[in-house]
Amino acid sequence: VMRLPETEEELRHVLGLYERKGHPGCVGSVDCVHVIWDQCPAGLHSLCTGKEKVPTLAFEVVSSHTKKILAVTKDFPGK
């Protein structure tokens, strides 16, 4: 379940945890994840194939300090 902090208390809690770690104003961490695309169409193969030599779809994910997923982008070519 994806859910941003909804109440003032939840937001203060999350902000406080990141501030104590030296990241004031932060509510999450962003990274990308690549998912292997076994059924990649031939016309997109080169666009989706990067250093791992297999086609992937990439998603940008925002997660909380407790590893809860807060947001995910739509897929984009993994190259």
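**Exercise 1. Thr56 in strand E2**

Task: Decide whether Thr56 is buried or exposed, and list what Thr56 touches beyond its sequence neighbours.

Solution.
- Step 1. Thr56 has a relative accessible area of 8%, so it is buried. The model is a predicted one.
- Step 2. Locate the residue. Thr56 belongs to strand E2.
- Step 3. Set aside residues up to four places away in sequence. Thr56 then touches His34, Val35, Ile36, Trp37, Cys48, Pro77 and Gly78.

**Exercise 2. Thr49 in a loop**

Task: State where Thr49 sits, how accessible Thr49 is, and which backbone oxygen its side chain reaches.

Solution.
- Step 1. Find the element. Thr49 is in the loop that runs between helix H2 (45-48) and strand E2 (56-63).
- Step 2. Check the accessibility. Thr49 shows 15% relative accessible area, under the 20% limit, and therefore counts as buried.
- Step 3. Look for the polar partner. The Thr49 side chain comes to 2.6 Å from the backbone oxygen of His45.
- Step 4. Add the contacts. Without residues up to four places away in sequence, Thr49 touches Val54, Pro55 and Lys79.

**Exercise 3. Two loop residues, Lys53 and Asp38**

Task: Find what is notable about the phi of Lys53, and give the C-alpha separation of Asp38 and Pro55.

Solution.
- Step 1. Place Lys53. The loop between H2 and E2 holds this residue.
- Step 2. Read the backbone angle. Lys53 is not a glycine, yet its phi is positive, at about 70°.
- Step 3. Classify Lys53. Its relative accessibility is 66%, and so Lys53 is exposed.
- Step 4. Turn to Asp38. It lies in the loop between strand E1 (29-36) and H2.
- Step 5. Classify Asp38. With a relative accessible area of 67%, Asp38 is exposed.
- Step 6. Compare sequence and space. Asp38 and Pro55 are 17 residues apart in sequence, with their C-alpha atoms 7.3 Å apart.

**Exercise 4. Cysteines without a bond**

Task: Count the disulfides, and explain why Cys26 has no bond.

Solution.
- Step 1. Apply the cut-off. A disulfide needs two cysteine sulfur atoms within 2.5 Å.
- Step 2. Count. The result is zero disulfides.
- Step 3. Test Cys26. The closest cysteine sulfur is that of Cys32, 16 Å away, so the gap is too far for a bond.
- Step 4. Test Cys32. Its nearest cysteine sulfur is in Cys48, 14 Å away, and Cys32 is in no disulfide.
- Step 5. Classify Cys32. Its relative accessibility of 38% makes it partly exposed.

**Exercise 5. The largest pocket**

Task: Give the volume of the largest pocket, its lining, and the element that gives the most to that lining.

Solution.
- Step 1. Take the volume. The largest pocket has about 170 Å³.
- Step 2. List the lining. The residues are Arg3, Leu4, Pro5, Glu10, His13, Val14, Val27, Ser64, His65, Thr66, Lys68 and Leu70.
- Step 3. Sort by class. The lining holds five nonpolar, four polar and three charged residues.
- Step 4. Assign the main contributor. Helix H1 (residues 8-20) gives the most, with three residues.

**Exercise 6. Arg3, a lining residue**

Task: Describe where Arg3 lies, which residues Arg3 contacts, and how far its C-alpha is from that of Ser63.

Solution.
- Step 1. Locate Arg3. It is in the segment before H1, and it is one of the residues lining the largest pocket.
- Step 2. Classify Arg3. A relative accessibility of 30% makes Arg3 partly exposed.
- Step 3. Collect contacts outside four places in sequence. Arg3 is in contact with Glu10, Lys68, Ile69 and Leu70.
- Step 4. Give the spacing. Arg3 and Ser63 are 60 residues apart along the chain, and their C-alpha atoms are separated by 10.0 Å.

**Exercise 7. Leu15 in helix H1**

Task: Find which residues Leu15 contacts, and how far apart the C-alpha atoms of Leu15 and Gly25 are.

Solution.
- Step 1. Locate Leu15. Helix H1 contains it.
- Step 2. Classify Leu15. Its relative accessibility is 25%, so Leu15 is partly exposed.
- Step 3. Leave out neighbours within four places in sequence. Leu15 is in contact with Gly25, Cys26 and Val27.
- Step 4. Give the spacing. Leu15 and Gly25 are 10 residues apart along the chain, and their C-alpha atoms are separated by 6.1 Å.

Note on methods: Residues are numbered from 1 along each chain as its sequence is written. This is a predicted model: local features need pLDDT of at least 70, side-chain atom pairs count only at pLDDT 80 or more; totals for chains, interfaces and linings use all residues. Side-chain values use heavy atoms; hydrogens and water are left out. On a 1 Å grid over the protein atoms alone, a cavity is a set of points where a 1.4 Å probe fits but cannot get out, and a pocket is an open set with protein on both sides within 12 Å along at least five of seven lines; lining residues have an atom within 4 Å of a point. Grid points are joined across faces, edges and corners, and a volume is the space filled by probe spheres set on the points. Helices (H or I, at least four residues) and strands (E, at least two) are DSSP runs, numbered from the N terminus. Ala, Val, Leu, Ile, Met, Phe, Trp, Tyr, Cys and Pro count as nonpolar, Asp, Glu, Lys and Arg as charged, and the others, Gly among them, as polar. Buried means under 20% relative accessible area, exposed over 50%, partly exposed in between (1.4 Å probe, protein chains only). A polar contact is a pair of N or O atoms within 3.5 Å; within protein, one must be able to donate a hydrogen and the other to accept it, and residues adjacent in sequence count only if both atoms are side-chain atoms. Contact means heavy atoms within 4.5 Å.
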